[in-house]
Amino acid sequence: MTIIEQPKEYKVIGTRPIRHDGLDKVIGKAQYGADLKLPGMIWGALTRSPYAHARIKRIDTSKAEQAPGVMAVITGADMPVAEAIEIETGEEVTNLAHASDKLMARDKVVYKGHPVAAVAAADQNAAIEAARLIEVEYEVLQPVLTVDEAMASGAPLVHEDYAGKDLGEETRNTNVADHFRHETGDTAAGFAQAAVVVEREFELTMVHQGYIEPHNATALWKSDGKIEIWTSTQGAFGVRSSVAPILRVPETDIRVTPLEIGGGFGGKIPIYLEPVCAVLSKKAGRPVKVVMDRKSVFEATGPTPGGRIRVKMGANDKGDITAAEVDLYYEAGAYPGSPVGAGAMCALACYRVANARVDGYDILVNKPKTAAYRAPGATQAAYAVESVVDEICQALGMDPLDFRLHNATREGDRRADGPVYPRIGNLEQLQALKDSEHYRTPLEREGADGRLRGRGVANGFWFNGGMQSCVTINVNSDGEVGLVEGSVDIGGTRASIAMQAAEVLGLRAEEVHPVVVDTDSVGYTDMTGGSRTTNATGYAAYLAAQNVIAGMKERAAILWESNADDVEFEDGVFSSKHDSELKVTFKELAAKLTETGGPLAASGSIRQRGSGGGFGSHLVDVEIDPETGKVDVIRYTAAQDVGKAIHPSYVEGQIQGGATQGIGWALNEEYFWSDQGVMENSTFLDYRMPTALDLPMIDAIIVEVPNPTHPFGVRGVGETPIVAPVGAVANAIHDAVGVRLTQAPMKPQRVLAAIKEKNGNGA
Amino acid sequence: MPTLFIPIHMRRFTGGAERVEVEGATLRHALNQLAERHPAVMDEIVQGDRIRPGLAAVVDGEQTVEGLRAPLKPASEVHFLRPISGG
Amino acid sequence: MTTAPASQKIILNTTVNGQEHQLLVAPYHSLLEALREAAGLTGVKEGCNDGNCGACTVSLDGRIVDSCLVLAAEAEGRQVQTVEGIAPDGQTLHPLQQAFLEEAALQCGICTPGFLVAAKALLDREPDADEDRIRLWLAGNLCRCTGYDKIIRAVQKAQG
């Protein structure tokens, strides 16, 4: 571990206690969404469109209604008509009409797997069988499947009535939902100063978050009009604020209980099933559960976009980047809202570029509406930019980390989209990677059986989400505390939040008992996402703990018949400033709450600032079989500025997991489309995610440059590690076999074809 | 004076101006000053009593948590960007 | 496949985690469905329902299987072990469970039951399996959170 700035001495923070929810998860007792069983509960199943683009002519539900065990059948006509307005859920902007239409089509299906009807029946098999009996007559339309097709003149329109925007001007009859630009300096002048200019175009395909737990939801529409929802979500409050306007009921009438979540990576921020379950429940008068199958998860949830990216970058002979231009064409899916906005902000975030232009295009295609996927939009852009940076390093004969260090953004630099950086740790983490044993150890260029090796590096940036969190701490008479939070625990945040409270309270981590509760039982808390949870909910826990200490000081003062100003707290002991004889431990005082005024509970709430951000650079060695084009990752090291690692094991885990998803994206993962917009590899057999066998150990180097806006210096950790890997792998492949792959994934047939082309005996 | 950076897609409402220096101790004051010079741009930035959905005001590198009430310093920079949430 | 009326259900006699069970199942139910729905053992997870993720891994007469690919009726008269039965008694964790906790080998935890059952089967047979062997053995279990590093280290730690 590299410690950059002298840390404070902590007792709990920086240790590695066993997570509070761990036991239930290793004995099979943790309750995930699909595990829920309620009295009278029945099962739902959806009927989905077999076409990517078609008009619904007629739906006949009569056979389904007569099928055994069926208790409710609904179509789009049973869903309330949502207003065509934009609402904010967390910091996402959602067009309600789109959000509703995405859940259940009315007139037109716009992606394969688009729900058109749903059934509730006594058990899951009966529901699935009945859903198959629903007859739908379609008028099949030509689908729009790539950004190039979508932008071609005369292309079919995904939405005939949609008004797009082109640099602020309203446009009609277009699939380009938005086109925007960031610009700084004068790129023409910058390129004129360059000794080297590299221009490349890159292409990516859609990839999925690939969480192992399919989406699920259970809803009960009660006779008093209130709705209970149990679901696997990254944000229970986001579910509530999304469901309420779609069902046209007040938020207050909805209670959402987040059950354990089996992975999300951004894909479980949007809702897919909850309103459908609720409407089925209203009709059937019973709780209705739906668990998606894997095929539907692939076809009809929210992957991250493919698209096309053009990068042009110039540098002078001293190694200064003089100008850069980036054009990002991202698939939005069937409704507007790809992560191209974030991609545009991240594209050049690692570098000082005085003259830059970034254009972003959000493009409608007949594919599932994209959703957030870990640093959404940034990985695609980094793949392109980091590949071009690599070429510039080679042209200039510069070490790739020296070039990145030379041009690295630091405090006071202006990002291409405008804002000036506060204290960031870009330089420090790059230096840590350069100092790593891995980088200092030269690579053996040949492996066994003529396999060729190469080494690549890349850098990556993602923001620190701030947003809103609330925590309540209840002091128990035995001196331990309950910690009530609204942040869904997707990877150890009960521990990282409880540890921050424990640090303040002078307790051990195990003496703080975190519980994630429903939307009626804790103050508003935004979703677990945006790398915000340990930062913002941790900050709320810190504030709640401070308020507990303030309350406990008052109780000590009552005990000693003095006043709270006279009481100080250190190392778990309250003492009087004036009488050294008067001391009471936290535990002793907790036992005296009844006689000093009654129960003590305190809350902390915050709207945390998003600032700074996290930088992480990755180093990868690959070995390539020149006969087959197969690429193996043989060594991997990732460095990242995390601000302050509260629980280092889970920080390392985030870095290792993000790197692995990136490696899958780089080498194998892709949506394979038919010419009619049908995904042809919608199983984990054919959608090839990395297995244990595909990977080496992944070294995570934790760099700590404290975030000035957090009491313990925490920065967001979870998303940054997926940004660099695709570019790093591309650069390693180039180093190994001398070919520049501009299409991801860099699967064997592409690598092989590129090697053959280079050797002059084309495929 | 605080500087408001006008996004490219709004510059047709500011006569092409890329940045506008305005007086103002809060973002609301600064935007009111901006509106006196370029009234049409306000609809792009403000909806009712708040920043428009889909837009984030970034003051001195940080997405504001106070919205129109965000305090500005004499040397503050304000950018109007897309809100970031992430996965 | 058509929906069988309730009268066509069968009684499955099987031993799960050392206890004899009589479970009412349909002929087309998978062992996964029988364990989760009829026996209430929801530690067995469904990730894909087509044998590619390993979340539903259980031991059937000592051999690990994807329970989504086994018909419930095939478990008649046989011994099934799920994650709920890994701990040697109700009090003490199996060394693998303890190592998974200490090594932070889980994030979301949905794949953990399958990994534990699969890893236990490996260590029962090959207590000294090396890293390559562990990686090969566990290649049928997908984890999307950890990058496997800490899972492999946990298995190695449990080897002692």
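Guide: Two strands count as paired here if DSSP finds at least two bridges between them, and the elements are DSSP runs numbered from the N terminus, helices being H or I over at least four residues and strands E over at least two. The model is predicted, with local features requiring pLDDT of at least 70 and side-chain atom pairs pLDDT 80 or more, while totals for chains, interfaces and linings use all residues. Residues are numbered from 1 along each chain as its sequence is written, with chains lettered from A and ligands numbered from 1 in the order in which they are written.

Visitor: Which residue of β15(A) is the bridge partner of A219(A)?

Guide: Strand β14 of chain A, residues 216-221, and strand β15 of chain A, residues 227-231, run antiparallel to each other and share five bridges. In β15(A), the bridge partner of A219(A) is I229(A).

Visitor: Why is one side of β4 and of β16 of chain A left without a neighbour in the sheet?

Guide: These strands belong to an open sheet of seven strands in chain A, with mixed pairing and the order β4-β8-β2-β17-β14-β15-β16. Because β4 (70-75) and β16 (254-258) of chain A stand at its edges, each has a single partner strand.

Visitor: By how many degrees are neighbouring strands of this sheet turned against each other on average, and at what angle does helix α8(A) run to β14(A)?

Guide: With axes fitted as lines to C-alpha atoms (for helices over the stretch in contact) and angles from 0 to 180 degrees between N-to-C directions, neighbouring strands are turned by 20° on average, direction ignored. Helix α8 of chain A, residues 274-284, lies across β2, β4, β8, β14, β15 and β17 of chain A, and its angle to β14(A) is about 35°.

Visitor: Which residues are the bridge partners of D178(A) in the lines of pairing around β12(A)?

Guide: Strand β12 of chain A (residues 176-184) pairs in the parallel sense with β10 of chain A (residues 164-166) over two bridges, and in the antiparallel sense with β20 of chain A (residues 356-364) over eight bridges. D178(A) takes part in both pairings, where its partners are K165(A) and, in β20(A), D362(A).

Visitor: How many residues of chain B are in contact with chain A?

Guide: Contact means that C-beta atoms, placed from the backbone, lie within 7 Å. The elements of chain A that give two or more residues to the side touching chain B are β5 (86-89), β6 (92-95), β12 and α10 (340-346). On the side of chain A, 40 residues take part, and those of chain B in contact with them number 21.

Terms used:
Two residues are in contact if their C-beta atoms, placed from the backbone, lie within 7 Å.
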